[in-house]
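Dear colleague,

I am handing over the structure we spoke about, together with some notes on it. Please look through it before you read on.

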Amino acid sequence: MFVSDTHLPQLLPPAAYTDAAWYQRELETVLRPAWWAVALEQELPAEGSFVSFDHVEGPVLLRRSGGRIHAYRNVCPHRLAKLTAKSCGTCPVLRCEYHGWEFDDGGATRRIPDAPSFRPLEKGRLGLDLIRVEQVGPVVFISFDPAAPPVREWLGGDAEPFETHFRGAGWCFWKTEIDLPVNWKLVIENNLESYHVGAVHATTLGNFPPEEACGHHLDEHGSRFDAPGDGSFLKPIKRHLAWRLGRPMPEGYSHSVVHPTLMWIAVDVHAGFQSIVPTGPTSCRIVHRSAGWQSMGRKPLVDWAIRQVLRTDLRVWKRIIREDFVMLPQVQAGMESPRHPGPGLVSRREERITHFQRWLLDRLGATDGAADHVADVVPVRRPVAPKGGVA
Ligand code: FES
Ligand SMILES: [Fe+2]
């Protein structure tokens with residue numbers, strides 16, 4: 001069931017999806033303090049494995065060493081080059097590729113070629129910037145904010161179900177990173193509503209479920225949508241495979257968003273997350289991982305069977321995501337129009353969007369979340385109303 005009895009206001013003005021000053025304020029207020037799901041631990045399988053990527057605060061390097069994963073700003077303290085431009089690999093020593101400076105796990109310089117030519121240089125004075133890294137189950141999170149609470153605290157009520165569902169999610173069957181020319185909030189808001197299903201996903205998902213069959217749960221960290229599972233012929237097979245793993249399978253579809261940018265799903269033996277990484281006021285990157293439950297080698301036949309059913313599902317998941325991502329630039333283009341027919345309107349079925357927008361406005365400093373107050377918070381270029389019309 002839905003929470004609200006009535007439709008709701010669209011709280012954010014169009015400028016929130018286009019304006020550079022607004023984006024800068026979001027970076028400082030909600031994006032930098034967040035935790036970001038960036039990888040599955042299986043992506044760093046061996047001692048010395050690394051992955052690198054660009055993020056809201058620039059290039060990042062994750063590397064496994066001493067049995068744990070470390071995160072660094074991927075910028076060398078010597079001449080500020082990226083240590084590596086490779087997206088993944090294995091290196092026995094953490095070394096910058098440009099002049100060969102080497103670093104220990106804590107980021108301190110360990111060896112400098114021709115060190116006397118840097119005289120005088122105190123030992124350990126230059127090093128890599130460390131980035132906070134924590135894991136929940138197999139999911140690797142980073143935060144650029146030294147003052148951020150531990151990731152489990154940040155996840156709030158999602159921490160326990162997230163960890164439970166991702167436990168044993170040992171086979172990554174879909175890893176993708178997609179750049180989109182849209183403001184990050186459009187991706188989140190699209191994730192937050194099922195209203196577009198009937199129009200955008202008619203052939204893949206059919207219509208949206210009736211209100212009695214679904215549930216919205218809103219709290220101070222984010223929101224969740226619960227719906228009945230699909231009636232696929234694979235369902236009993238998955239249920240049997242989960243039983244063989246000794247764990248109950250969720251019967252329904254559960255879709256959660258932890259504000260501001262983490263979406264995760266629990267659907268049968270599939271554990272997936274999407275992290276929406278803003279790359280500018282009107283662009284973002286979607287980091288998506290889908291993993292399947294596994295026995296970690298105890299029951300190879302069960303593991304193999306789960307991989308087969310999830311491969312079958314993957315074709316549909318890819319189509320669903322493509323359907324969304326084709327649509328979103330069209331929404332961005334409408335937001336960028338200099339004139340609008342009104343402020344917009346949110347249905348009860350989209351109420352998680354208003355919940356998210358209110359959360360954001362609260363953090364940006366708007367007292368009651370009303371769009372009229374936003375101009376006091378961030379300098380917003382408001383469109384001018386044409387004579388006799390509305391903007
Ligand atoms: S820039 Fe890294 S060693 Fe010179
Ligand atoms: Fe969708």
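Below are notes on the metal site, one helix and one loop residue.

Please bear in mind throughout that this is a predicted model. The iron ion (ligand 2) is coordinated by the NE2 atoms of His196 and His201 and, through two OD contacts, by Asp324, at 2.1 to 2.4 Å. In sequence these donor residues follow the spacing H-x4-H-x122-D, and both His196 and His201 are buried. The angles subtended by the four donor atoms run from 57 to 142°, and the arrangement is therefore irregular, given that a tetrahedral site would need all angles between 85 and 135 degrees.

Turning to helix H3, which spans residues 159-166, the buried residues are Ala159, Phe162, His165 and Phe166. Seen down the axis of H3, these buried residues fall within an arc of 145°, so they line one face of the helix. That follows a general pattern, because an α-helix has 3.6 residues a turn and residues three or four places apart point the same way. The buried residues of H3 pack against helix H2 (151-155) and against strands S10 (130-136), S11 (139-143), S16 (262-267) and S17 (270-280). After H3 comes Gly168, with a positive phi near 75°.

Lastly, Asn74 sits in the loop between strand S5 (68-73) and strand S6 (88-90), and its relative accessibility is 1%, so Asn74 counts as buried. A polar atom of the Asn74 side chain lies 2.9 Å from the backbone nitrogen of Leu83. Leaving aside neighbours within four places in sequence, the residues in contact with Asn74 include Ser52, Pro59, Val60 and Leu83.

With best regards

Note on methods. Residues are numbered from 1 along each chain as its sequence is written. Chains are lettered from A and ligands numbered from 1 in the order in which they are written. This is a predicted model: local features need pLDDT of at least 70, side-chain atom pairs count only at pLDDT 80 or more; totals for chains, interfaces and linings use all residues. Side-chain values use heavy atoms; hydrogens and water are left out. Donors are N, O and S atoms within 2.8 Å of the metal (3.2 Å for Na, K and Ca); water is not among the atoms, so sites may look incomplete. Four donors count as tetrahedral if all angles lie between 85 and 135 degrees; four count as square planar and six as octahedral if opposite donors are over 155 degrees apart and all others between 65 and 115; anything else is irregular. Buried means under 20% relative accessible area, exposed over 50%, partly exposed in between (1.4 Å probe, protein chains only). Helices (H or I, at least four residues) and strands (E, at least two) are DSSP runs, numbered from the N terminus. The arc is that of the directions from the helix axis to the C-beta atoms. Contact means heavy atoms within 4.5 Å. A polar contact is a pair of N or O atoms within 3.5 Å; within protein, one must be able to donate a hydrogen and the other to accept it, and residues adjacent in sequence count only if both atoms are side-chain atoms.
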